[in-house]
Amino acid sequence: MIRLKTTPIEINGDLVLSMAASVSATLNDEQNEFRYYCDLTEKESLAKCAKANRKTLLHDYIAAVCCDGFTYIMCKHFDEEAAVEMIMWLDSLQIDHTDIAKPHENSDYCEMEHYADLIQERFNDKALPIITDAVFAILFNDKDFLYKFNCKVTEQIKKLRKEEFPEYLQGDGYLNRENPPAWLKSGVFYRDRGRCQECGTDLSRIFANGNNENYDHIIPLRQGGSNDPSNYQLMCEHCNKSKRDRSSAYRNVVWPFWDSE
């Protein structure tokens with residue numbers, strides 16, 4: 001059985017759930033251009049599609065949505081409102097900001113704007129990485145969200161041409177296959193509770209040793225899927241071989257803690 005080593009993140013649950021909901025709403029809003037937050041013509045993003053990275057494409061998307069929200073408020077000249085919200089996050093994470101002097105009530109707009117900029121700099125540097133990891137932990141458990149996220153990634157991959165990106169593509173719109181690293185397998189195995197996401201077979205080998213775990217691309221590479229960790233799920237060998245490259249089927253399975261009846 002794969003062992004997972006992680007460091008816990010202490011959070012304000014209400015704030016993180018609110019941010020996760022905001023990220024999900026942004027993804028589902030057809031008026032929001034996905035490429036604005038995740039552009040695969042940028043080499044760093046494409047490299048993450050091609051080879052799994054601990055800071056995934058989804059991490060980048062979460063951080064971009066979070067930053068954009070505060071930047072938008074400040075661009076609308078509600079700098080004090082943005083600063084108050086960012087300070088709420090800093091306080092919840094016990095990140096000091098007392099060295100940044102708050103303007104007096106009668107200060108002019110430029111002073112408040114400068115103050116908000118300094119708060120945002122502290123927020124982006126200290127709070128954003130923690131928030132991103134916490135929101136990722138929530139959304140990585142939501143297969144419906146992951147599927148929709150990867151569908152939007154796939155739309156961009158399908159437009160890529162091998163002649164332009166020969167180091168990443170084995171064909172037009174078709175990324176090279178990469179073996180998932182041990183840390184990715186650990187995370188997916190833990191998230192999926194050691195069970196095949198198609199038939200529910202226990203792959204932990206606690207009670208039986210005859211089942212082999214496979215790490216399946218939710219959206220197959222041949223259909224424009226990526227090697228980003230957000231596009232993986234746990235399957236038994238039989239279900240994975242049955243699925244092959246023909247299907248992007250998935251199940252959003254929740255295992256209850258106890259029967260309520």
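The crossing of helix α1 with helix α7 is left-handed in this predicted model. The helices involved span residues 13-28 for α1 and residues 143-157 for α7, and the points below take up this pairing, then the packing of α1 against α5, and then the nonpolar core.

**α1 and α7**
- The two helices pack at an angle of about 45°, with their axes 10 Å apart, and α1 and α7 are therefore oblique to each other.
- On the α1 side the contact is formed by V23, S24, L27 and N28, which meet F145, K148, F149 and K152 of α7.
- Sorted by class, this contact of α1 with α7 comprises 4 nonpolar, 2 polar and 2 charged residues.

**α1 and α5**
- Helix α5, which covers residues 79-92, packs with α1 at an angle of about 130°, and the axes lie 10 Å apart; α1 and α5 are therefore oblique to each other.
- The crossing of α1 and α5 is left-handed.
- In this pairing L15, V16 and M19 of α1 meet M88, W89 and S92 of α5, a contact that has 5 nonpolar residues, 1 polar residue and no charged residues.

**The nonpolar core**
- The largest nonpolar core contains 69 residues, and Y61, F123, V135, F149 and L175 are those with the most contacts inside it.
- Helix α6, residues 109-139, gives the most to this core, contributing 12 residues.
- Leaving aside residues up to four places away in sequence, Y61 touches V23, T26, L27, F34, Y37, C38 and F149; among these, V23 and L27 of α1 and F149 of α7 also take part in the contact between those two helices.

Notes. Residues numbered from 1 in each chain as written. Predicted model: local features only at pLDDT ≥ 70, side-chain atom pairs only at ≥ 80, totals over all residues. Heavy atoms only, no water. Axes fitted to C-alpha atoms, helices over the stretch in contact; angles between N-to-C directions. Helix = DSSP H or I, 4+ residues; strand = E, 2+ residues; numbered from the N terminus. Parallel < 35°, antiparallel > 145°, perpendicular 65-115°, else oblique. Left-handed = near helix turned anticlockwise from the far one by under 90°. Contact = heavy atoms within 4.5 Å. Nonpolar A, V, L, I, M, F, W, Y, C, P; charged D, E, K, R; others polar. Core = buried A, V, L, I, M, F, W, Y, C linked by side-chain atoms within 4.5 Å. Buried < 20%, exposed > 50% of the residue type's maximum accessible area, 1.4 Å probe, protein only.
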